[in-house]
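Here are some notes to read alongside the structure. They go point by point, so feel free to jump around.

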Amino acid sequence: MTLAERYLAAKRALFDAVYNDLNDRQREAVYTVNHPLLVLAGAGSGKTTVLVRRIAFIIRYGNAYLSDTVPDGLTDEQVDYLAQAAQTCTKEQLRQMLDAFAENPCPSYAVLAITFTNKAAKEIRSRIDAMFADDPAGCAEIMTGTFHSVCVRILRRHAEAAGYHAGFSIYDTDDSKKAYAEALKRCRIDEKLLPIKSVANAVSRAKDRLLTPEDFETEAGADFRMGQIARVYTAYQQILRESNALDFDDIIMQTVLLFRRHPEIMEYYQKRFRYVCVDEYQDTNIAQFELTRMLAEGRRNLMVVGDDDQSIYRFRGATIENILSFDKAYPDAKVIRLEQNYRSTQNILDAANAVIAKNNGRMGKTLWTAAGAGSMIHLVGCEDQNDESRRIVDTVQKLVASGNACYRDFAVLYRMNAQSQNIEKAFARAAVPYRMLGGTRFSDRKEIRDAVAYLQLINNHDDNVRLLRIINEPRRKIGPKTLEAIAAIAAEQDCSQFEVIERAQSYAALKNAAPMLDDFARLINGLTADAAEMRLDVLFDAMLDRSGYRQMLIAAGEAEEERLENLEEFKSQILEYMKDSEDGNETPTLTGFLEETALVADVDRYDESADAVVMMTIHSAKGLEFPIVFLPGMEDGIFPGMQTIEGGESEMEEERRLAYVAITRAKRELYILHADQRLLYGRTGYNPLSRFVSEIPASLIEEEKTQRAGIWGRTQGTYGSYGAQSPASQKKTYYREQDSRSTRSNASGATGARGGSGTVRVTLGSPAAPRPTAPRSAVAPARQAPAFAPGDRVEHMVFGAGEVISCKKMGTDTLYEVIFEKAGTKKLMGSFAKMRKV
């Protein structure tokens with residue numbers, strides 16, 4: 001080796017010694033700082049770690065590792081010293097040496113990191129801050145955020161150029177629905193003929209594709225329905241402009257249009273950001289792809305991190321082609337695969353690998369772990385949806401009682417929200433603490449929407465939708481005819497409705513309501529003036545008191561007590577925002593708080609420390625992980641759904657990617673549940689086991705079935721409404737509850753072997769011959785739950801010792817109220833109580 005080659009090898013050995021906690025592929029990604037880079041990161045492969053470490057590396061060292069620069073006057077002694085240092089020095093000593101190798105390091109303000117959720121953006125920010133704990137100024141100006149939050153910052157700075165005022169509002173789905181309803185009314189189109197949901201979806205997809213109303217109308221051509229939607233789209237955008245508001249899709253589209261119409265603004269950001277990093281790239285749509293391309297076009301130092309196997313948001317406009325064709329869009333791109341998993345056991349990974357391997361449209365990778373094989377995957381056969389819920393509850397209670405898990409270790413992930421009802425009821429009856437993500441959001445409660453509407457109107461007087469929401473909350477005797485007159489005058493004079501209200505005395509049509517309108521205008525204007533001086537939490541209280549909203553709820557008595565508590569919780573969010581802003585050396589503002597509130601998602605509110613089972617859809621669970629995961633309803637017709645089954649290959653591949661996401665959420669244990677029959681949407685269906693389960697090798701599965709009517713008999717036949725046959729037979733291991741006094745052979749002659757916990761394990765080489773299912777009346781009744789009386793001392797498998805204080809018959813069951821020594825008072829249904837008398 002030449003002296004130069006020895007020097008470069010020694011230098012790189014020093015960096016490898018400092019970064020030896022990363023695997024080879026992770027280090028390669030961290031060191032690759034220039035030119036386009038695609039990091040194809042499998043589930044649980046440490047992609048956030050790579051993203052954060054790479055950003056820190058760019059700021060500290062620039063292109064130090066891959067640079068071939070050799071200093072002048074280099075000697076053999078110096079190279080020998082470096083080589084020796086890599087072997088003998090501590091990491092801290094080596095870090096101090098690395099600064100000398102920095103080549104063109106990047107100032108923090110020239111780095112942009114974009115992701116999809118506020119939770120992920122905050123995690124990236126906090127990890128970077130931790131890496132610069134000894135030099136906070138070194139990373140202070142990195143811009144991190146979601147696509148939407150980054151675009152909002154750009155639009156607020158250049159609002160006038162984009163055609164808005166700086167205090168513009170951001171409409172959520174509910175606000176947009178009201179704007180669409182008004183647009184349909186203006187176009188004189190009956191909502192029954194053209195539903196708001198259909199219009200909203202079509203317009204959202206158009207904005208994802210960067211189509212303006214004019215573009216959409218041109219594309220519609222002679223299609224009457226699309227032409228009608230184009231008219232509504234035009235009217236809808238006019239309504240948003242009148243209210244100085246944007247919807248979610250506008251935020252990115254209007255930023256792209258701003259760059260197209262004002263190249264000098266685009267060039268400013270291209271020059272500012274030397275490095276652009278985008279996380280979850282597989283979830284980007286056409287608008288996000290174009291925005292990313294524009295921002296990175298100047299220097300082409302674009303890093304995208306993603307997993308084509310986790311692209312599951314096509315229904316939101318995401319296009320997997322963005323990641324699959326990245327190396328075509330950027331021919332000089334480097335592709336690095338992260339395949340070592342740090343989350344799951346090998347059995348779980350093998351199951352996921354086997355399922356996703358059936359897809360054709362993927363770049364290809366195979367996950368592996370050094371953590372060992374782990375437990376088998378539990379395949380649980382149930383009689384119906386109620387049995388399925390009981391099995392989930394029983395498993396949770398047993399593992400918690402054994403001390404092997406906490407409630408927060410469990411997640412129940414389902415394909416559609418309709419599946420959650422039975423499981424939720426079962427948790428409630430058994431007094432198992434649980435949380436649901438994706439149900440009614442806190443921010444969707446009436447009192448919270450009202451409070452936000454007041455704050456939005458204080459911040460943006462042009463916001464007609466929010467004005468109409470709260471002008472009569474509380475009642476101010478401003479009737480619908482007055483509101484119609486206000487809207488007509490505002491349209492005629494091309495001004496906001498609030499401006500008309502401010503001048504109510506000037507209009508004959510508003511003469512009778514003028515005193516009430518004057519009072520309302522004074523209220524909003526007074527609060528607007530106070531907003532410039534008051535702390536946000538003080539302004540919030542002033543708004544509730546001066547508007548009369550708080551007194552309205554107090555006067556309603558106990559019925560509205562919860563709403564008052566929710567408003568106090570909302571105030572806690574204001575205080576949290578103020579603290580976060582001050583900790584980040586930023587001034588908390590009303591505009592900033594409303595922006596954060598508008599852009600927050602359910603997953604951003606997910607508290608991992610709360611000790612409760614979490615329930616959510618699989619889509620909501622992406623990016624999260626849990627020690628123990630239940631996947632109920634794994635049946636053809638549910639997962640995959642009928643629409644997917646009857647669709648094309650691309651639909652099935654998207655659904656298979658969703659199955660891959662579901663499987664890879666599990667760290668230690670995975671329970672897959674399916675039912676012989678299921679009552680859903682008022683109909684009883686008989687669905688076969690999901691084809692995705694059939695794609696998992698039998699060697700990875702341990703199958704369990706309860707001995708109930710209707711489970712052992714059916715092996716083949718017609719399932720569901722589409723005439724599918726049951727999956728092909730394979731060697732299976734069944735578990736069924738069995739009287740401890742005996743074992744017996746099953747219908748196919750397989751011999752039962754004694755299992756633990758009062759079960760019999762039966763290994764079948766072929767399915768049992770079909771036999772009729774006994775009617776329910778012929779089936780032996782289930783063992784009665786023990787009866788208790790007030791005063792009885794009992795022992796619960798989870799809550800411990802306690803005393804029954806009341807009993808109440810509930811149909812064929814009994815509701816017990818028990819005071820436990822450690823857990824306090826609980827109400828438990830007898831059939832779920834798992835108690836014994838002591």
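1. Let's start with Glu654. This is a predicted model, and in it Glu654 comes out at 11% relative accessibility, so this residue counts as buried, the cut-off being under 20%. Its salt-bridge partner is Arg657, with N and O 2.8 Å apart. Arg657 is buried too, at a relative accessible area of 6%. Both residues belong to helix α32 (residues 649-663), and because they are three residues apart there, about one helical turn separates them.

2. That pair stays within one helix, but have a look at Glu388 and Arg678. Their side chains also meet in a salt bridge, at 2.9 Å from N to O. Glu388 sits in helix α19 and Arg678 in strand β15 (residues 678-680), so this contact ties together parts that are 290 residues apart in sequence. Both Glu388 and Arg678 are buried.

3. While you're at helix α19, check Gln385 as well, since this residue lies in that helix, which covers residues 385-401. Which backbone atom lies 2.9 Å from a polar atom of the Gln385 side chain? The backbone nitrogen of Leu679 does. At 9% relative accessibility, Gln385 counts as buried.

4. Next up is a salt bridge between Glu447 and Arg563, whose closest N and O atoms are 2.5 Å apart. Glu447 belongs to helix α21 (residues 446-459) and Arg563 to helix α28, so the pair links parts that are 116 residues apart in sequence. Are the two ends buried or partly exposed? Glu447 is buried, at 2% relative accessibility, whereas Arg563 is partly exposed, with a relative accessible area of 28%.

5. Stay with helix α28 for the surface. Glu569, Glu576, Asp580 and Glu596 form a negative surface patch. Helix α28, spanning residues 561-583, gives the largest share of that patch, with three residues. Glu569 is in this helix, and its relative accessible area of 40% makes this residue partly exposed.

6. How many salt bridges does a search of the whole structure find? The count is 62, and one of them is the pair from point 2, Glu388 with Arg678. For a charged cluster to click through, try the network in which shared partners connect the salt bridges of Asp172, Asp174, Asp175, Lys178, Asp444, Lys446, Arg449, Asp450, Asp463, Arg466, Arg469 and Glu473.

7. Now for a loop, the one between α15 (286-296) and β7 (302-306), where you'll find Asn301. With a relative accessible area of 10%, Asn301 is buried. A polar atom of its side chain lies 3.3 Å from the backbone oxygen of Arg274.

8. Glu297 is placed in that loop between α15 and β7 as well. At 36% relative accessibility, Glu297 counts as partly exposed, whereas Asn301 is buried. Where does Gln270 come in? Gln270 and Glu297 are 27 residues apart in sequence, and their C-alpha atoms are 6.8 Å apart in space.

Note on methods. Residues are numbered from 1 along each chain as its sequence is written. This is a predicted model: local features need pLDDT of at least 70, side-chain atom pairs count only at pLDDT 80 or more; totals for chains, interfaces and linings use all residues. Side-chain values use heavy atoms; hydrogens and water are left out. Patches are made of residues with over 30% relative accessible area and no salt bridge: like charges are joined within 9 Å, nonpolar side chains (Val, Leu, Ile, Met, Phe, Trp, Tyr) within 5 Å. Accessible areas come from the Shrake-Rupley method with a 1.4 Å probe; for residues, only the protein chains shown count as cover. A salt bridge is a side-chain nitrogen of Lys or Arg within 4 Å of a carboxyl oxygen of Asp or Glu. Lys and Arg count as positive and Asp and Glu as negative; His and the chain ends are not counted. The place of a charge is taken as NZ of Lys, CZ of Arg, CG of Asp or CD of Glu. Helices (H or I, at least four residues) and strands (E, at least two) are DSSP runs, numbered from the N terminus. Buried means under 20% relative accessible area, exposed over 50%, partly exposed in between (1.4 Å probe, protein chains only). A polar contact is a pair of N or O atoms within 3.5 Å; within protein, one must be able to donate a hydrogen and the other to accept it, and residues adjacent in sequence count only if both atoms are side-chain atoms.
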